[in-house]
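This report covers the fold, the sheet and the pockets of one protein chain. Please look over the sequence and the model before reading on.

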Amino acid sequence: MERAQQGEDIVLYGRGGRIQSYIDVRDVARALFMAIQKNISGVYNLGGVRSYSNLEVAQKCIQICGGKSRIIFQGMDEQELQHWVISSDKLWNELKFKAKFGLEDSLIWMNEACSLK
């Protein structure tokens, strides 16, 4: 985000193809609060609205910050073909929890917070 704010190049290893699940800290806090209220325990996956590739994350950062940065591909990412897609089905079934904030919401929030520095 900071590189995109400053219009600097964003370096991605490999081709930016690794896919990961991102979740906003506000959703994490809400899920924990709900779990405490219902007094549940156990292991739960907590995933975001959807999963994104590293390339998609970089593109969204650039878009939110005004589009001056370039994406530079460098070296290799050993996990290039990994798809870390998290299912929150168990949490949904027990708490009716679903993430509210998508990646773009989180990045906009981060951009605003970084701008206040």
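## Overall chain

Of the chain's 117 residues, 33% count as buried. The model is a predicted one. The C-alpha trace spans about 45 × 35 × 15 Å along its principal axes.

Contacts in the chain with a separation of 6 or more are mostly between residues far apart in sequence: 90% of them join residues 24 or more positions apart.

## Secondary structure

The chain holds five helices and five strands. Their order along the sequence is α-β-β-α-β-α-β-β-α-α.

## The sheet

Three strands make up an open sheet, in the order 3-2-5, with mixed pairing. Strand 3 (51-53) and strand 5 (83-84) are the edge strands; each has a single partner strand, so one side of each is left without a neighbour in the sheet.

Strand 2 (residues 19-21) runs antiparallel to strand 3, and three bridges join the two. Within this pairing, isoleucine 19 stands opposite serine 53 in strand 3. Helix 3 (residues 54-64) packs on the sheet, where the helix touches both strand 2 and strand 3. The direction of helix 3 makes about 85 degrees with that of strand 3.

## The largest pocket

How much space lies in the largest pocket? The volume is about 220 Å³. The pocket is lined by 13 residues, and those closest to its centre are Gly47, Gly48, Val49, Ser88 and Lys98.

By residue class, the lining of the largest pocket divides into five nonpolar, five polar and three charged residues.

## The second largest pocket

The second largest pocket holds about 150 Å³ of space. Its lining has 16 residues, of which Tyr22, Ile23, Leu103, Ser106 and Met110 are the closest to the centre.

Which element gives the most to the lining of the second largest pocket? Helix 5 (residues 103-115) does, with five residues. Among the residues closest to the centre, Leu103, Ser106 and Met110 fall within the range of helix 5, residues 103-115. The lining of this pocket divides into 11 nonpolar, three polar and two charged residues.

## Summary of the pockets

For reference, the two pockets are set out together below.

| Pocket | Space | Lining residues | Nonpolar / polar / charged |
|---|---|---|---|
| Largest | about 220 Å³ | 13 | five / five / three |
| Second largest | about 150 Å³ | 16 | 11 / three / two |

Terms used. Residues are numbered from 1 along each chain as its sequence is written. This is a predicted model: local features need pLDDT of at least 70, side-chain atom pairs count only at pLDDT 80 or more; totals for chains, interfaces and linings use all residues. Side-chain values use heavy atoms; hydrogens and water are left out. On a 1 Å grid over the protein atoms alone, a cavity is a set of points where a 1.4 Å probe fits but cannot get out, and a pocket is an open set with protein on both sides within 12 Å along at least five of seven lines; lining residues have an atom within 4 Å of a point. Grid points are joined across faces, edges and corners, and a volume is the space filled by probe spheres set on the points. Ala, Val, Leu, Ile, Met, Phe, Trp, Tyr, Cys and Pro count as nonpolar, Asp, Glu, Lys and Arg as charged, and the others, Gly among them, as polar. Helices (H or I, at least four residues) and strands (E, at least two) are DSSP runs, numbered from the N terminus. Two strands pair if DSSP finds at least two bridges between them. Contact means heavy atoms within 4.5 Å. Axes are lines fitted to C-alpha atoms, for helices over the stretch in contact, and angles run from 0 to 180 degrees between N-to-C directions. Buried means under 20% relative accessible area, exposed over 50%, partly exposed in between (1.4 Å probe, protein chains only).
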